[in-house]
Amino acid sequence: MVRGRISRLSVRDVRFPTSLGGHGSDAMHTDPDYSAAYVVIETDAEDGIKGCGITFTLGKGTEVVVCAVNALAHHVLNKDLKDIVGDFRGFYRQLTSDGQLRWIGPEKGVVHLATAAVLNAVWDLWAKQEGKPVWKLLVDMDPRTLVSCIDFRYITDVLTEEDALELLQKGQVGKKEREKQMLAQGYPAYTTSCAWLGYSDDTLKQLCAQALKDGWTRFKVKVGADLQDDVRRCQIIRDMIGPEKTLMMDANQRWDVPEAVEWMSKLAKFKPLWIEEPTSPDDILGHAAISKALVPLGIGIATGEQCHNRVIFKQLLQAKALQFLQIDSCRLGSVNENLSVLLMAKKFEIPVCPHAGGVGLCELVQHLIIFDYISVSASLKNRMCEYVDHLHEHFEYPVMIQRASYMPPKDPGYSTEMKEESVKKHQYPDGEVWKKLLAAQEN
């Protein structure tokens, strides 16, 4: 039962000093501090349930996202949750179409990251009130209600409301069996934790050996800074995992188009399934050119973690610019916009392999991909979800991995609620962790 008027919205800048250990490092982001703008919304309902939402950042700049969340807050405060979810498309559009704020978007950049944080908190609140995890809330939802959450503006040349409804109605067939399968076996995952670019060869070998022992069969390696270094590191990993296991590569936008083709032709001998973000995430035709050139080498293109919105995804699909589509739970406008992209991917029969990791991205995206399998794609062919083994201990309902698979969360909500103690300790710049680090830097 949906209830309560939103009486308070707070947002905090929470940062973890992951750069100290090289965690998360890649060819373009050499010293990331995994961080989040952490939003909590409260209502006047007597149950005291709070909605928690995040958007993921890399440290500096989180304070800008916090400002953007505060700028959007007036659209949320004093609204009845029932009215929001009763016209979720209208509420989504209200947030993304603020006549003044959209000028610094529209639907991209800082203002869209802030929108995601707010909407993620709303979905968390709704699911908690319904007593269901978000994936189950979505799976149980009538197709018409699901469609009513989506803003189809700018994508009707590819996906209309009628198309979406038809796809979701087709997805009803066999749904119960797929839900049972997910609960028993989980959703297949791959690991990125072994091969950050800043790791030494010894660390890489040690983590890779441990991952193999833990049953991982799919591995991703960061590439793009130095070709000889890439060749050496890819050789180490391929030798360790053997020829049968799956290897992916990720350049994190490092290359120009011709450079990407040339570089990957040199790394093709390691048989990567895909090269991720080979060039600028905004270069749709560049991705299409790289894709065309790498087809003969058996290498696919994966992209999407920094894809602004459904419109860019629409064009990537139209241009045949990717073979693996990577949604992100905080870059796009929360569940609402991700629903539209999952449905477009289904229409084009392109597998969705979400981006995860960071702070809370695994916790969030597991809900989307489990829903996708049960209600939309109905397929696990060429599909897997990224997993990064960092910072889960700071969440009240951390992600659960068994046999290298995401096990569906059972707790109500979007798995986004952080431990208050963790938030206090890591709040920037006044939390205990940062006070010590900043004082050490001054000395």
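**Asp250, the pocket and the cavity in a predicted model**

Apart from neighbours within four places in sequence, Asp250 makes contact with Lys220, Val221, Lys222, Val223, Ile275, Glu276, Glu277 and Glu305. The model in which these contacts appear is a predicted one. Asp250 belongs to strand β6, which covers residues 246-250. Its relative accessibility is 0%, so Asp250 counts as buried, the cut-off being under 20%.

Asp250 can also be placed on the annotated map of the chain. The UniProt record, an unreviewed entry, gives residues 201-296 the feature "domain: Mandelate racemase/muconate lactonizing enzyme C-terminal". In the model, this span is 52% helix and 16% strand, and 31 Å separates the C-alpha atoms at its two ends.

Turning to the chain as a whole, the secondary structure amounts to 17 helices and 12 strands. The C-alpha atoms occupy a box of roughly 60 × 60 × 45 Å along the principal axes. A compact globule of 443 residues would be expected to have a radius of gyration near 22 Å, and the 21 Å found for the protein chain therefore agrees with that picture. Of the 443 residues, 58% count as buried. Contacts that are far apart in sequence are well represented: among those between residues at least 6 apart, 76% join residues at least 24 apart.

Empty space within the fold comes next. Rolling a probe the size of a water molecule over the atoms shows where such space is left. The largest pocket holds about 510 Å³. Its lining is made up of 33 residues, and those nearest the centre are Phe56, Thr57, Leu58, Gln306 and Arg331. Two or more lining residues come from each of β3 (50-57), α1 (62-72), α4 (109-130) and β5 (218-222). Sorted by class, the pocket lining contains 11 nonpolar, 12 polar and 10 charged residues.

The search of the whole structure also turned up 1 cavity of 30 Å³ or more. The largest cavity has a volume of about 60 Å³. It is lined by Leu95, Thr96, Ser97, Asp98, Leu101, Arg102, Glu107, Val111, His112 and Thr115. Helices α3 (88-96) and α4 are the elements that supply two or more residues to this lining, with α4 giving the most, at 3 residues. By class, the cavity lining divides into 3 nonpolar, 4 polar and 3 charged residues. Helix α4 thus appears in both accounts, giving two or more residues to the lining of the largest pocket and 3 residues to that of the largest cavity.

Note on methods. Residues numbered from 1 in each chain as written. Predicted model: local features only at pLDDT ≥ 70, side-chain atom pairs only at ≥ 80, totals over all residues. Heavy atoms only, no water. 1 Å grid on protein atoms, 1.4 Å probe; cavity = no way out; pocket = protein on both sides within 12 Å on 5 of 7 lines; lining within 4 Å. Points joined across faces, edges and corners; volume = space filled by probe spheres on them. Helix = DSSP H or I, 4+ residues; strand = E, 2+ residues; numbered from the N terminus. Nonpolar A, V, L, I, M, F, W, Y, C, P; charged D, E, K, R; others polar. UniProt positions renumbered as here; feature names shortened; annotations may be inferred. Rg over C-alpha atoms; globule rule 2.2 N^0.38 Å. Buried < 20%, exposed > 50% of the residue type's maximum accessible area, 1.4 Å probe, protein only. Contact = heavy atoms within 4.5 Å.
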